[in-house]
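Good morning, and thank you for coming. Please look at the sequence and the structure for a moment before I begin.

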Amino acid sequence: MERLVADPCGKGVDGACVALQADGFRNERSLLSKLATFADPVNFIPYDRFAVAGLATLTGQPKSAVARSYRNYLGMVHSLRDGDLGEVFDKFIATAQVPTKNVAGFKLRMIDDYLMQVGQRWSATAPSIAHQAPNSAKGSLSL
């Protein structure tokens, strides 16, 4: 577990994926990312196909670019967290007076849920949360 979270950029998760594949396992990026998130929720976020689809939608990047590696995915998530999307969630957390001592970890958890909703995890229709790419000239993010 220590190796998974030693590098907060996700290099440990990618390394463990490569090691498992060399031993004949399929790509276990989703499982390993969840273990890393459990161990360090401030720096890591779960990886799954719905979150990848949501991140691709928000950034305008193809899914293949988002899913290239966990490190790449995590870097893109952190860019959103530190930009417009993070500001939206900061305002929500402050307004809702969220009862948590781990605001940074809670914020990443909210972003994970948001990415999965944008990636249509819970329905076959468009997500109910209004969304646009953060740098879109058409408008701003809203919850």
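I begin with one helix pair: A51, V52, L55, L58 and T59 in α4 meet Y73, M76, V77 and L80 in α6, where a contact means heavy atoms within 4.5 Å. Of the residues in this contact, 8 are nonpolar, 1 is polar and none is charged. Here Ala, Val, Leu, Ile, Met, Phe, Trp, Tyr, Cys and Pro count as nonpolar, Asp, Glu, Lys and Arg as charged, and the others, Gly among them, as polar.

I should state at once that this is a predicted model, in which local features need pLDDT of at least 70 and side-chain atom pairs count only at pLDDT 80 or more, while totals for chains, interfaces and linings use all residues. Residues are numbered from 1 along each chain as its sequence is written, and side-chain values use heavy atoms, with hydrogens and water left out.

The term pLDDT is the predictor's confidence in each residue, from 0 to 100. Its mean for the protein is 79, and 83% of the residues reach 70 or more. Over residues 126-143, however, pLDDT stays under 50.

Let us return to the helices, which are DSSP runs of H or I with at least four residues, numbered from the N terminus. Helix α4 covers residues 49-59 and helix α6 residues 70-81; they pack at about 55°, with their axes 11 Å apart. Axes are lines fitted to C-alpha atoms over the stretch in contact, and angles run from 0 to 180 degrees between N-to-C directions. The two helices α4 and α6 are therefore oblique to each other; angles under 35 degrees count as roughly parallel, over 145 as roughly antiparallel, 65 to 115 as roughly perpendicular and the rest as oblique.

How do α4 and helix α8, residues 103-118, pack? Their angle is about 80° and their axes lie 6 Å apart, so α4 and α8 are roughly perpendicular to each other. In this contact F50, A51, G54, L55, T57 and L58 of α4 meet D112, Y114, L115, M116 and V118 of α8. That set divides into 8 nonpolar, 2 polar and 1 charged.

Helix α8 also meets helix α7, residues 84-96: the axes come within 10 Å and cross at roughly 115°. Among the residues that meet are L85 and F89 in α7, and F106 and Y114 in α8. The residues of this contact comprise 9 nonpolar, 1 polar and 2 charged.

Thank you for your attention.
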